[in-house]
Amino acid sequence: MEALLSNVDWPEIGLASWDTLIMVGMSLLFSVLAGLPIGVLLFLTGKRQLLEQPVAYAVLSFVVNVLRSVPFIILLIVMIPFTVMLIGTSLGVAGAIPPLVAGGAPFFARLVETSLREVDRGIIEATQAMGASVRQIIFGALLPEALPGIIAGITVTAITLVSYAAMSGVIGGGGLGDLAIRFGYQRFQTDVMVITVALLVIFVQVLQMVGDRLVLHFSRK
Amino acid sequence: MIVFNQVQKSYQVGGRAIPALHPTDMTIETGEVFGIVGHSGAGKSTLVRLINLLEPATGGNILIDNENITRYSAAELRAFRRKVGMIFQHFNLLSSKTVADNIAFPMKLAGVYSKTDIRDRVQELLARVSLLDQADKYPSQLSGGQKQRVGIARALACRPTILLCDEATSALDPQTTQSVLRLLAEINKELGLTIVLITHEMDVVRRVCDRVAVMDGGRVVEMGLVSDVFLHPQHPTTRDFVFESESVDSQERQEDMQKANGRILRLTFKGESTYQPLLGSVARASGVDFSILSGRIDHIKDTPYGQLTLSLVGGDLAVAMSALEAADVHVEVLR
């Protein structure tokens with residue numbers, strides 16, 4: 001066993017795992033904070049919706065599509081000057097978070113839009129008939145009704161961010177991905193590679209399980 | 001009172017205006033149960049949604065208690081909608097809220113009720129619709145009839161003066177339909193609430209409505225007291241609806257009439273005359289023999305009525321007819 005994992009520096013692995021956790025956690029938080037309002041706006045301005053605004057929808061939708069169509073590895077590089085401007089460095093855990101949010105937020109926004117569209121129109125109509133304002137419809141009816149879908153969306157986004165965060169190791173992002181690239185890939189330490197991949201798999205499994213539990217808990221259908 | 005003054009509604013489809021409701025005049029009195037019947041696509045959904053402006057009118061004025069609601073600002077419209085309850089075919093309850101929270105929802109939206117007010121009112125309404133033991137359940141745990149009762153309780157929460165029912169019983173089985181209709185009739189009587197009810201079933205109209213409008217192709221083609229419209233339908237669409245509700249096969253009826261001898265009359269009577277032993281005494285007085293080809297004795301809301309198709313042989317027909325008319329029976333000679 002010792003020989004098999006001779007290159008594995010466990011404290012280093014622990015530190016890298018923690019970094020990944022922080023990167024995914026922080027970028028998930030900001031992706032949700034930014035993506036939720038964008039998703040609600042996409043939904044509301046869409047065709048035959050409460051605040052139908054074809055131009056606003058087209059612009060917003062275009063921006064989201066652009067961010068989503070750029071491969072993440074390219075987005076990482078394109079974002080470097082902006083990241084430096086924003087937080088002073090493009091390296092390490094902190095430097096990875098802006099590109100992760102730029103990738104995660106539009107992704108999550110689309111998932112929010114989709115789950116809002118799945119709310120029965122009749123419920124919106126009934127709430128309108130009660131004299132609710134648009135604000136009350138959003139917070140009183142739409143978001144609570146779409147909550148299970150939104151939680152599922154957060155889970156999918158979190159898992160996507162795990163793989164994005166690993167990718168950010170390429171430009172010096174820190175975390176398990178960085179470890180895999182520096183040791184597993186560049187120094188041919190296969191055992192390090194295996195351990196980091198195994199940890200990422202476990203991480204994703206746990207996220208999915210927790211997400212599914214939460215969805216089930218909030219589903220009343 | 002709800003007054004429609006040349007109200008119309010059209011939709012813009014590909015640059016062209018497609019009419020959903022042609023200019024319509026209509027008055028619905030305070031406290032009555034007003035039915036709107038029509039096939040799907042006849043415009044009845046549009047008509048009922050004009051009353052709370054879920055569908056904005058494209059022409060004309062809608063006056064409710066002498067206020068022109070078509071001129072309301074957004075805030076005035078929201079305040080007005082709180083005084084108009086609405087129930088739906090598919091109930092439209094919030095699946096994420098319990099029964100009690102669904103009923104409390106419109107009161108919370110209104111923002112003028114205290115927590116204790118809301119709690120008391122919810123209890124009162126739960127009792128009203130016999131759902132006290134279901135307060136903490138979620139809509140998915142209820143039957144269709146129970147869901148509609150929640151819908152009714154929710155619609156009544158802010159003490160509205162008008163209740164709109166959009167095909168409220170169309171998704172329910174006959175027995176549940178009956179109990180929901182009975183509940184609506186009770187509410188109408190006890191609270192003096194004006195009820196506007198749209199349906200595609202004439203039977204629903206017959207059971208609860210005072211007056212009815214029949215719609216076809218975006219127009220009101222017939223309007224009047226349910227007993228008049230039901231017993232003496234004028235427009236072909238109305239006739240279809242009445243026959244449909246009586247499940248009459250017109251071909252069978254023709255065959256019956258061909259086999260019968262003598263004159264064929266249709267007698268229509270309602271109210272007290274339903275209970276009079278009229279046919280026997282008329283037959284004795286005029287010497288006419290009769291046989292009943294078809295008939296129906298039932299109720300329109302609370303009024304009993306009957307409609308019989310008879311074939312008459314021998315005796316003095318003129319005497320028989322005048323005796324029937326004297327007894328307040330409407331006589332129609334079919335052959």
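Is Gly271(B) buried or exposed, and how many other C-beta atoms lie within 10 Å? The legends below take up this residue along with other parts of a predicted model.

**Figure 1. The loop residue Gly271(B) and its contacts.**
Gly271(B) sits in the loop that links β11 (263-270) to α11 (278-286) of chain B. The residue is exposed, because 12 other C-beta atoms lie within 10 Å and a residue with 12 or fewer counts as exposed. Leaving aside residues up to four places away in sequence, Gly271(B) touches Thr303(B) and Pro304(B). Gly271(B) and Pro304(B) are separated by 33 residues in sequence, yet their C-alpha atoms are 5.3 Å apart in space.

**Figure 2. An open sheet of six strands in chain B.**
The strand order is β6-β7-β8-β3-β9-β10 (chain B), and the pairing is mixed. β6 (84-88) and β10 (219-225) of chain B are the edge strands, each of which pairs on one side only. From one strand to the next, the twist averages 15°. At one edge, β6(B) pairs in the parallel sense with strand β7 (residues 162-166) of chain B, over five bridges. Within this pair, Ile87(B) of chain B is placed opposite Cys165(B) in β7(B).

**Figure 3. Strand β9(B), with its two neighbours in the sheet.**
How many of the six residues of strand β9 (residues 211-216) of chain B are buried? Six of the six are, so the strand is largely enclosed by the rest of the structure. Both faces are covered: one side carries Arg211(B), Ala213(B) and Met215(B), and the other carries Val212(B), Val214(B) and Asp216(B). Strand β3 (residues 33-38) of chain B runs parallel to β9(B) and is joined to it by five bridges. Phe34(B) has Arg211(B) as its bridge partner in β9(B). β10(B) runs antiparallel to β9(B), and six bridges join these two strands. Here Val212(B) stands opposite Gly224(B) in β10(B).

**Figure 4. The hairpin of β9(B) and β10(B).**
Two residues lie between the strands of this hairpin. Gly217(B), in the turn, has a positive phi of about 55°.

**Figure 5. The two domains of chain B.**
Chain B is divided into domain 1, covering 2-244, and domain 2, covering 252-333. Their C-alpha centres are 38 Å apart. Where the domains meet, nine residues of domain 1 of chain B are in contact with seven residues of domain 2 of chain B. On the domain 1 side, α7 (202-208) and α8 (226-231) of chain B each supply at least two residues. α8(B) gives the most, with four residues. By class, this side of domain 1 has five nonpolar, one polar and three charged residues.

**Figure 6. Chain B as a whole, for orientation.**
Chain B contains 12 helices and 14 strands. Its C-alpha trace spans about 75 × 50 × 35 Å along the principal axes. Of its 335 residues, 40% are buried. Among the contacts in chain B with a separation of 6 or more, 70% are between residues 24 or more positions apart.

**Figure 7. The contact between chain A and chain B.**
The two chains meet through 19 residues of chain A and 19 residues of chain B. On the chain A side, the elements giving two or more residues are α6 (121-129) and α7 (134-167) of chain A. The residues of chain A that touch chain B divide into eight nonpolar, six polar and five charged.

**Figure 8. Helix α8(A) and the helices around it.**
Which residues of α8(A) are buried? They are Leu176(A), Gly177(A), Asp178(A), Leu179(A), Ala180(A), Ile181(A), Phe183(A) and Gly184(A). The helix is mostly covered, with eight of its 10 residues buried. These buried residues pack against α1 (10-45), α7 and α9 (190-218) of chain A. Helix α8 (residues 176-185) of chain A has the lowest mean pLDDT among the elements of its chain, at 83, while α6(A) has the highest, at 96. For chain A the mean pLDDT is 91, and 98% of the residues reach 70 or more.

How values were computed: Residues are numbered from 1 along each chain as its sequence is written. Chains are lettered from A and ligands numbered from 1 in the order in which they are written. This is a predicted model: local features need pLDDT of at least 70, side-chain atom pairs count only at pLDDT 80 or more; totals for chains, interfaces and linings use all residues. Domain bounds come from an automatic or database domain assignment. Ala, Val, Leu, Ile, Met, Phe, Trp, Tyr, Cys and Pro count as nonpolar, Asp, Glu, Lys and Arg as charged, and the others, Gly among them, as polar. pLDDT is the predictor's confidence in each residue, from 0 to 100. Two strands pair if DSSP finds at least two bridges between them. Axes are lines fitted to C-alpha atoms, for helices over the stretch in contact, and angles run from 0 to 180 degrees between N-to-C directions. A residue is buried if 20 or more other C-beta atoms lie within 10 Å of its own, exposed if 12 or fewer, and partly exposed in between; C-beta atoms are placed from the backbone.
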